[in-house]
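Reader: Hi! I am new to reading protein models, and I would like a close look at one part, the salt bridges. Could you take me through them step by step?

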Amino acid sequence: MLHTIAAFDRLGEENAFAVLARATALASQGRDIVNLGIGQPDFPTPPHIVDAAVKALRDGHHGYTPATGVLPLREAVARDLHRRFSVDVSPERVMILPGGKVTMFMAILMFGEPGIEILYPDPGFPIYRSMIEFTGATPIPVPIREANGFAFSAQETLSLITPRTRLLILNSPANPTGGVTPKAEIDALVAGLERHPDVPVMSDEIYASMTYDGEAHVSLLSYPSIRERLIHLDGASKSYAMTGWRLGWSVWPQKLYDFARKLAVNAHSCVNAATQWAGIAALDGPQDCVTKMVAEFDKRRHVVLDGLNRLPGVSCIKPKGAFYAFPNISRSGWKAKPLASALLEEAGVAVIGGPDFGVHGEGYLRLSYANSTENILRAIERMGEFLARRKAA
Ligand code: PLP
């Protein structure tokens, strides 16, 4: 008999991986599946980044690095933050981690314990709630509403803060909605946070490079009043099409940096050395690879939006960032999860049901448009045929 801790009964996961596994299994049985389920760019990593990793291996970067990451990469992150947001960040506060996820894992571990509350976006990235529950803390969902353009509301967020609040998690541009919170709303939130000086913030900005219609990303790093309680999460997975490399980074308040370093020493020692050198090439190299990829996502965004709004019982507001559309399917008569499952099994289209991102996701599906225009059009056509012929289960 293995006596594991009860907390594992509360640990969740990401259903997107289960959908990917099912879609792959169906495809291997010969089924033609269009996969709009998984959230990763369908582009290869730009060649100059791959070349830098190969060179690093040939140059002998085979050993451990400092747990916090090699200094040239931490410096490159600081330069990149300055270039994009005109903020000054010391490389001594930058931590290199194996993916964006590890920052949230560490931050939630640092603050979560029974009796305290952690605020997180709902619908939102499922790992937030999963990790909060694992620690025994009480997850407090901050509803992300379609009526608000899928931006978070400063007023509603602030109204949920109590004396037990130990951490506030924010995410813009957002998964799964594609929502981008406008600067005025972020200004209002930060102003309100001045009344709550003990509430730290973890800002997940992994989609920062993916905003559309000329809207510039507003980083929480630009607000000096919360800098000493801000954990800024970013990484290479989405912006440089590097999901499989496992490269993320974050900026920590001085007080927390050493805790993060110790967690890294205990968990993974350091990020793969060659990957770190690839990260330097990504951040210091030409950025047109990012611009081109985002321009392509922008084109597909219009295709997916137009297609979804033609489907019976479906409506979709314009996503402003990331590469997700979050259509409202409540008028179709279907609940989201049975619809997602029937679309995969019967129509060969992989999408994710909104409730996989939290209770406020009911009535919605998430479609990732990190797929070719041709596949997006095929998926929309199949969804249209399916909704026309099949009554809700
Ligand atoms: N944060 C959000 C909002 C995400 O959607 C994802 C990945 O889907 C991550 C973080 C994690 O990224 P990574 O693959 O670098 O761990």
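Is Asp59 buried, partly exposed or exposed?

Author: Happy to help! This is a predicted model, in which local features need pLDDT of at least 70 and side-chain atom pairs count only at pLDDT 80 or more, while totals for chains, interfaces and linings use all residues. Residues are numbered from 1 along each chain as its sequence is written, and side-chain values use heavy atoms, leaving out hydrogens and water.

Now to your residue. Asp59 is partly exposed, with a relative accessible area of 47%. Here buried means under 20% relative accessible area, exposed means over 50%, and partly exposed is in between (1.4 Å probe, protein chains only). The partner of Asp59 in a salt bridge is Lys55, and their closest N and O atoms are 2.6 Å apart. Lys55 counts as exposed, at 51% relative accessibility. A salt bridge is a side-chain nitrogen of Lys or Arg within 4 Å of a carboxyl oxygen of Asp or Glu. By this rule the count comes to 26 salt bridges.

Let us visit another pair. Lys183 forms a salt bridge with Asp187, with 3.1 Å between the closest N and O atoms. Both sit in helix α7 (residues 183-193), and because they are four residues apart there, about one helical turn separates Lys183 and Asp187. Helices (H or I, at least four residues) and strands (E, at least two) are DSSP runs, numbered from the N terminus. Lys183 is partly exposed at 46% relative accessibility, and Asp187 is partly exposed too, at 29%.

A further pair belongs to helix α10. The side chains of Glu296 and Arg300 meet in a salt bridge of 3.4 Å, N to O. They are four residues apart in helix α10, so about one helical turn lies between Glu296 and Arg300. Glu296 is partly exposed, with a relative accessible area of 22%, whereas Arg300 counts as buried at 4%. Salt bridges that share partners also join Asp42, Glu296, Lys299 and Arg300 into one network.

Helix α10 has a part in the nonpolar interior as well. The largest nonpolar core has 121 residues, and Ile169, Met202, Trp252, Leu308 and Leu365 touch the most other members. Helix α10 (residues 288-308) gives this core its largest share, eight residues. A nonpolar core is a set of buried Ala, Val, Leu, Ile, Met, Phe, Trp, Tyr and Cys residues joined through side-chain atoms within 4.5 Å.
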